[in-house]
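Work through the three exercises below with the sequence and the coordinates at hand, and compare each solution with your own reading.

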Amino acid sequence: MASIKDFGALTALRKDLKAQQEARALAEAEAARQAKIAAEEADLFRRSIGQVAPLPLSSSGKKLHPAPRPSTQARQHLADEQAALMESISDEFTYDTLLDTDETLSYARNGIGHDTLRKLRRGHWVIQRELDLHGLRTDQAREALGEFLRDVRRHGLRCVRVIHGKGLGSVNREPVLKNKVRNWLIQKDEVLAFCQATPAEGGSGALMVLLKSQERP
């Protein structure tokens, strides 16, 4: 009996260690993501203000008035760029442990029940728009997905399809974008759930994505 208890304690200890390792890995990935965002914001700020120089003096020795401030449109453009950086998605962040264990690797955000995933799989929501990432490099696909999600959110859409392909034309015939798209989607707060598309909608080469409903003011 003592050996059985010892074995049970050892099993529990292994589970605790594994959970700690996964939590540490997530924390390190998040720290790396935040550091990358901070570096990009700092670089954007330096590029936006350019080189700093003292104000020139007039012939009387008085400082000349500074040039007019940037227009409202220019400031808005800078704000838009900063907002895009804050919403950026990273290749260094992975949430494999949060995906369902089924072969379709479905995902539902915390608080979203399995009935929602079941409805999504059965086509309860009409697909309102789609994004095809075929032929794009990883960086191109990441940017295209981010812009696509921002656009559909502006239009208040709820259900979209993202086609990442089956990898038949890739090196070693592996779907390079398949796992990356899943990791990117999980990083977006507006994504409530996703699952593999039905055979009629692309099967293993596409995802059905459910987004938050548009909040009314």
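**Exercise 1.** Determine what share of the chain is buried and how its secondary structure is ordered.

Of the chain's 217 residues, 27% count as buried, where buried means under 20% relative accessible area with a 1.4 Å probe and protein chains only. The model is predicted, so that local features need pLDDT of at least 70 and side-chain atom pairs count only at pLDDT 80 or more, while totals for chains, interfaces and linings use all residues. Residues are numbered from 1 along each chain as its sequence is written, and side-chain values use heavy atoms, with hydrogens and water left out. Next, five helices and five strands make up the secondary structure, taken as DSSP runs (helices H or I, at least four residues; strands E, at least two) numbered from the N terminus. Along the sequence they follow the order α-α-β-α-β-α-β-α-β-β.

**Exercise 2.** Explain why helix H5 is described as largely enclosed.

Begin with the count: because eight of the 11 residues of H5 (residues 176–186) are buried, the helix is largely enclosed by the rest of the structure. Among these buried residues are Leu177, Val181, Trp184 and Ile186. Then identify the partners, using contact as heavy atoms within 4.5 Å: the buried residues of H5 pack against strands S1 (107–108), S3, S4 (191–196) and S5 (206–211), and against helix H4 (138–154).

**Exercise 3.** Place Arg161 and decide whether it is buried or exposed.

Arg161 lies in strand S3 (residues 159–163), and its relative accessibility of 14% makes it buried. Leaving aside residues up to four places away in sequence, Arg161 touches several residues, including Glu130, Glu201 and Leu207.

Definitions and conventions
Buried < 20%, exposed > 50% of the residue type's maximum accessible area, 1.4 Å probe, protein only.
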